[in-house]
Amino acid sequence: MSEVTQHIHIYSESSWKDHKQIFPETLLHFFSGKKNESFVLASEDKITLFIGIGDSYTESSLVEVSQKFSTDYKDKIQTVPTFLHAEMLTPHETEQLLLGFYLGTYLYPFKAVHPLWNEHFKWENIELSDEKFSKIKAICNGQFICMDWLNKPANFKQAPKFHAFLKEKSHKYNFDISFFNRQQCEDLGLGAFLAVNQGSNEDAYFTILEYRSNIKDAPVVGLVGKCVLFDTGGISIKPAANLHYMKSDMGGATAVLGALISAIELKLPVDIIAILPITDNAVSNNAYLPSDVVTAYNGKTIEVIDTDAEGRMTLADGLSYLSKNYKTDYLIDLATLTGSAVRMFGTTCGALFSNDPGLQKLLEDSGQKVGQRLWNLPLWEDWEDEIKSDVADLKNISIKPVGDCIVAATFLKHFINDHPKWAHLDIAAMCFGNVGYAREKAATGYGVRLLLDFMEKI
């Protein structure tokens, strides 16, 4: 019996019209080359898989289509000699298609058991250099770590466990890690972060990750990721409906971590300083209260109006500490911050705020390129009135039920120490949502490739 071979055919609508006559007539009723169309033909010695990419395909749509196919057909793809037929694609487009195939192998918890990761799997007719495959693997490694941590049940992601994981990875990837516990945070004056942490049963883990590329004059990127391991809302407690999804409130931190690991594996010529203010937001007799006034790291006082606006409290100290103690060329924070951004954009894009048009454009272009889009919103002075307090310098949320994502960004601007190139990414609906690999909402990996592409650009 002859060896089974596997053939994956990629067609746009127009290219399918030129080639459909060479395939069985029965296929014509089920396939036309439209985006996300797929079909499988199988015989004793040959598996033929058809994938439609449509006529208006882009790099990001190729990743999207092949990722969906790989997820949907994970039981059909086999570890046999495999031929990819995608004559209309450029080598770079083919690389993006392959990236999607590998991204689509993710299941929680990730284990490299899919046929594509089998050491015996081989693409027979394409030249996928070791460098190109290493890049695909590096992107997947970072994104899958991001997704695994976001998907973990709440009782598997307490602060000491996440810290131990970071420490383990620091040895493997050669980055420095340090952290401040509750007493050290108090001594340093990290009062906004501590206010959120004070209701927790776990100690504070205000964590700093530092990676140096040892490249002369490498740009330095400062990243702050919201890392609320589980958000009950605190005393301003959230409704019970969908509360189990609040294990996703560390989505900013996991995006930062995934991008850091991928950047190190890719040997990108950038230095990265990342701050993850790790805590949960718990309900307890020690929890901070609405009407409390706390002092942030930069000395500004904050009136707590809503304890469920905890993310901006932890980010305030993260941004203050990073911008004061490190010289960075860019300062970017990512956070699952507001329902306002969700109501505004749904799952189409994240909200972007920046005080520098050049940085704004770089991030928008990267988001568009990799399919993790951003849309810029204003930081007009008009919004300052919304966070004025009678008893403190600022309040942590507006009383008005409008524009909270802008209010939050305006609040955070007070903690960047006038950094000239700062951006805030509100990714509340983007990093956790409907996905092909899970029944419930789960991690999407949003933010990892966006940050990687940005760092490649600079």
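# Exercises on a predicted model

One cavity of 30 Å³ or more is counted by the rule used here, and the structure in which it is found is a predicted model.

## Exercise 1. The enclosed space

Describe the largest cavity by its volume, its lining residues and the element that supplies the largest share of them.

Solution. Begin with the volume, which for the largest cavity is about 50 Å³. Next, list the lining, which is made up of Asn36, Glu37, Ser38, Ile51, Val65, Lys68, Phe69, Asp72 and Tyr73. Then assign the residues to elements: helix 2 gives the largest share of this lining, with 4 residues. Finally, sort the lining by character, which yields 4 nonpolar, 2 polar and 3 charged residues.

## Exercise 2. An open pocket among helices

Determine which helices each supply at least two residues of the lining of the second largest pocket, and how that lining divides by character.

Solution. The space in the second largest pocket amounts to about 270 Å³. Its lining holds 17 residues, of which Gln96, Lys135, Ile139, Asp453 and Glu456 are the closest to the centre of the pocket. Turning to the helices, at least two lining residues come from each of helix 2 (59-72), helix 3 (91-103), helix 4 (130-151), helix 11 (357-370) and helix 13 (448-457). By character, the lining comprises 7 nonpolar, 3 polar and 7 charged residues.

## Exercise 3. Helix 13 and the nonpolar cores

Establish why helix 13 is described as largely enclosed by the rest of the structure, and then follow Met455 into the largest nonpolar core.

Solution. The first step is a count under the cut-off for burial, which is under 20% relative accessible area. Of the 10 residues of helix 13, 8 are buried, and the helix is therefore largely enclosed by the rest of the structure. The buried residues of helix 13 are Val448, Arg449, Leu450, Leu451, Leu452, Asp453, Phe454 and Met455. The second step concerns the largest nonpolar core, which has 90 residues, and in which Phe101, Phe162, Leu363, Leu425 and Met455 touch the most other members. When neighbours within four places in sequence are left aside, Met455 is in contact with Val221, Ala259, Ala263, Leu268, Val270 and Ile272. Another core, of 51 residues, lies apart from the largest one and includes Met313, Tyr326, Phe345 and Leu377.

## Exercise 4. Strand 16 and its two partners

For strand 16 (residues 422-426), work out how many residues are buried, which way the residues point, and in which sense the strand pairs with strands 12 and 13.

Solution. Start with burial: strand 16 is mostly covered, with 5 of its 5 residues buried. Trp422, His424 and Asp426 point one way from the strand, whereas Ala423 and Leu425 point the other way. Consider next strand 12 (residues 330-335), which runs parallel to strand 16 and is joined to it by 5 bridges. In this pairing Ile332 stands opposite Ala423. Strand 13 (residues 350-354), by contrast, pairs with strand 16 in the antiparallel sense over 4 bridges. Here the bridge partner of Ser354 is again Ala423. Ala423 thus appears in a residue pair with strand 12 and in a residue pair with strand 13.

## Exercise 5. A sheet of three strands

Give the strand order of the open sheet that contains strands 10, 11 and 15, and explain why one side of each edge strand is left without a neighbour in the sheet.

Solution. The order is 10-11-15, and the pairing is mixed. Strand 10 (293-295) and strand 15 (394-395) stand at the edges, and because each has a single partner strand, one side of each is left without a neighbour in the sheet. Strand 10 pairs with strand 11 (residues 301-303) in the antiparallel sense over 3 bridges, with Val294 standing opposite Ile302.

## Exercise 6. Backbone details in loops

Locate the cis peptide bond between Tyr108 and Pro109, and decide whether Asn174 and Asn214 are buried or exposed.

Solution. The cis peptide bond that joins Tyr108 and Pro109 has an omega of about -15 degrees, and Pro109 lies in the loop between helix 3 and helix 4. Asn174, although not a glycine, has a positive phi of about 60 degrees, and this residue is found in the loop between helix 5 (159-173) and strand 5 (176-180). The cut-off for exposed is over 50% relative accessible area; Asn174, at 64% relative accessibility, therefore counts as exposed. Asn214 likewise has a positive phi of about 60 degrees without being a glycine, and lies in the loop between strand 6 (205-211) and strand 7 (220-225). With a relative accessible area of 73%, Asn214 is exposed.

Terms used:
Residues are numbered from 1 along each chain as its sequence is written. This is a predicted model: local features need pLDDT of at least 70, side-chain atom pairs count only at pLDDT 80 or more; totals for chains, interfaces and linings use all residues. Side-chain values use heavy atoms; hydrogens and water are left out. Buried means under 20% relative accessible area, exposed over 50%, partly exposed in between (1.4 Å probe, protein chains only). Two strands pair if DSSP finds at least two bridges between them. On a 1 Å grid over the protein atoms alone, a cavity is a set of points where a 1.4 Å probe fits but cannot get out, and a pocket is an open set with protein on both sides within 12 Å along at least five of seven lines; lining residues have an atom within 4 Å of a point. Grid points are joined across faces, edges and corners, and a volume is the space filled by probe spheres set on the points. Ala, Val, Leu, Ile, Met, Phe, Trp, Tyr, Cys and Pro count as nonpolar, Asp, Glu, Lys and Arg as charged, and the others, Gly among them, as polar. A nonpolar core is a set of buried Ala, Val, Leu, Ile, Met, Phe, Trp, Tyr and Cys residues joined through side-chain atoms within 4.5 Å. Contact means heavy atoms within 4.5 Å.
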